[in-house]
Amino acid sequence: MNRHKRVRAVALVLAVTAGLVGGATTGGAAAPTAPAAEAGLTAEAGRAPGTARLQEILDRLTTVDGGPGALLDLRDRRRSTVLTSGVADVRSNRPVHPDSRFRIGSATKMFTATVLLQLVGEGRVDLDAPVERHLPGVVRGHGNDGRRITVRQLLQHTSGLPDFLDYLKPQEIVRDPLVHRDARQLVRTALAHPPVFEPGTGWDYSNTGYLLAGMIIEKVTGHPYGDEIHRRVVRPLRLRGTSVPGDSPRIPRPHPRGYAHTGADAPLLDITRLNPSVGGAAGEVISSGGDMNRFLAALLDGRLLRPAQLREMTATRPTGGTDGRAYGLGLESKPLPCGGRYWGHTGDFPGFETASGAVPGGGGATVVVNAGPGGSDAQSDDIEAAVETALCQGRPRTAR
């Protein structure tokens, strides 16, 4: 669900290549692609300046990097611009629709953390209280102990809890992609293994923590976490392309097909229909580029959280990489090449890879490619390069 865990994607590809999934693959060795300029796919409401460089990156994503299609939605205070490249469907060569819906994977964590922090602001959840307070007896076994792990540590990936995706066999997902995956069972799968480190002593990306965050939302409110996301975020912001699908394998139209790479020079596998409950509160949400940009703008402008909770969300710690990335509570920050930092999240879910970023008081950008897992590091790098290039447009270069 996130590039932090790319090794799992490789395992899934191997499982797919072994023929564990039925269904049609694409007919050729590579997906047909076409630059947006040739296919007439660029849609815009007042084209932002400097889009030629952005189009070049999108076209690289759908040629050199091997993605079938790509979309970039760029929004600033004055205009919205959508650029596309390649195709939404490798059989029909249908173009990528500018208002496409897609699975956002781990970018779901921004929505889950926002709702949980709203509950903190309402005095119904204490960030520094143990998980045990809300989920008694749930986090137990093999050295994992909810009495020693705080809600904050779940959201910041400092709990030390093992990630359930490390122990969910890829074959299980691809053998029956429509099966329901219960969050409690996925948590139990993780807790059958020892912690990665003592709570609060390190940083390691763990989807398990966000399944537990969703369970806390449900325990405190008495409603499914998806209903709370809809009531507290989707409906107030009028995010018409955003949904929490539950067990439904459908993506609302318009949407591109989602594909997995099955090996070098091998056909792409269509994995559009998939029960997203395997992602749950860590990776289930469907959205659009425009909705993601509106959500991030509202979040960073203080329209979703009270000032104290927004400060908590944006208090970061380094993730240990060399790119300057830091993680808050469900929100990443990363340096911009033109100076300053931006906020957002990347996401991987079978069939799609995405990244969204925004600058407080400034612009926002979301990029999606309808291919994953099995994509190259170059695909991930170019997705983030497109976001960063978009955010830097029109901004003066500052001292770093």
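**Local environments and the disulfide in the predicted model**

With a relative accessibility of 13%, Thr-221 counts as buried, because the cut-off for burial lies under 20%. The structure described here is a predicted model. Thr-221 is located in helix H8. The side chain of Thr-221 takes part in polar contacts with the backbone. A polar atom of this side chain lies 2.7 Å from the backbone oxygen of Ile-217, and a polar atom of the side chain lies 3.1 Å from the backbone nitrogen of His-223. When residues up to four places away in sequence are set aside, Thr-221 touches Leu-119, Arg-124 and Glu-228.

Helix H8 spans residues 207-221, and the loop between helix H7 (183-191) and H8 holds Pro-195. The relative accessibility of Pro-195 is 26%, and this residue is therefore classed as partly exposed, a category that lies between buried (under 20%) and exposed (over 50%). Not counting residues up to four places away in sequence, the contacts of Pro-195 are with His-142, Gly-143, Asn-144, Gly-160 and Pro-162. For Gly-143, the C-alpha to C-alpha distance from Pro-195 is 6.4 Å, although 52 residues separate the two in sequence.

Helix H7, on the other side of this loop, contains the buried residues Leu-186, Val-187, Ala-190 and Leu-191. Viewed down the axis of H7, these buried residues fall within an arc of 140 degrees, and they therefore line one face of the helix. The cover over the buried residues of H7 includes strand S6 (140-141), strand S7 (144-145) and H8. The N-terminal end of H7 is capped by Asp-182, a side-chain oxygen of which lies 3.1 Å from the backbone nitrogen of Arg-184.

A search of the whole structure identified 1 disulfide. This bond is formed by Cys-338 and Cys-392, whose sulfur atoms are 2.1 Å apart. The torsion about the S-S bond is about -85 degrees, so the disulfide is left-handed. Cys-338 is placed in the loop between strand S13 (332-335) and strand S14 (341-349), whereas Cys-392 belongs to helix H13; the pair therefore ties together parts that are 54 residues apart in sequence. Both cysteines fall under the 20% cut-off and are therefore buried, with relative accessible areas of 4% for Cys-338 and 14% for Cys-392.

Helix H13 comprises 16 residues, 377-392, and at 1.5 Å a residue should span 22 Å; the end C-alpha atoms are 22 Å apart, in agreement with this expectation. Buried positions in H13 include Gln-379, Ser-380, Asp-382, Ile-383, Glu-384 and Ala-386. Val-387, Glu-388, Ala-390, Leu-391 and Cys-392 are also buried in this helix.

At the level of the whole protein chain, 13 helices and 16 strands are present. Of the 400 residues in the chain, 57% are buried. Among contacts between residues at least 6 apart in sequence, 72% join residues at least 24 apart. The chain exposes about 15,400 Å², of which carbon and sulfur atoms supply 51%.

Technical notes: Residues are numbered from 1 along each chain as its sequence is written. This is a predicted model: local features need pLDDT of at least 70, side-chain atom pairs count only at pLDDT 80 or more; totals for chains, interfaces and linings use all residues. Side-chain values use heavy atoms; hydrogens and water are left out. Helices (H or I, at least four residues) and strands (E, at least two) are DSSP runs, numbered from the N terminus. Buried means under 20% relative accessible area, exposed over 50%, partly exposed in between (1.4 Å probe, protein chains only). Contact means heavy atoms within 4.5 Å. The expected span of a helix is 1.5 Å times one less than its number of residues. Accessible areas come from the Shrake-Rupley method with a 1.4 Å probe; for residues, only the protein chains shown count as cover. A disulfide is a pair of cysteine sulfur atoms within 2.5 Å. The arc is that of the directions from the helix axis to the C-beta atoms. A polar contact is a pair of N or O atoms within 3.5 Å; within protein, one must be able to donate a hydrogen and the other to accept it, and residues adjacent in sequence count only if both atoms are side-chain atoms.
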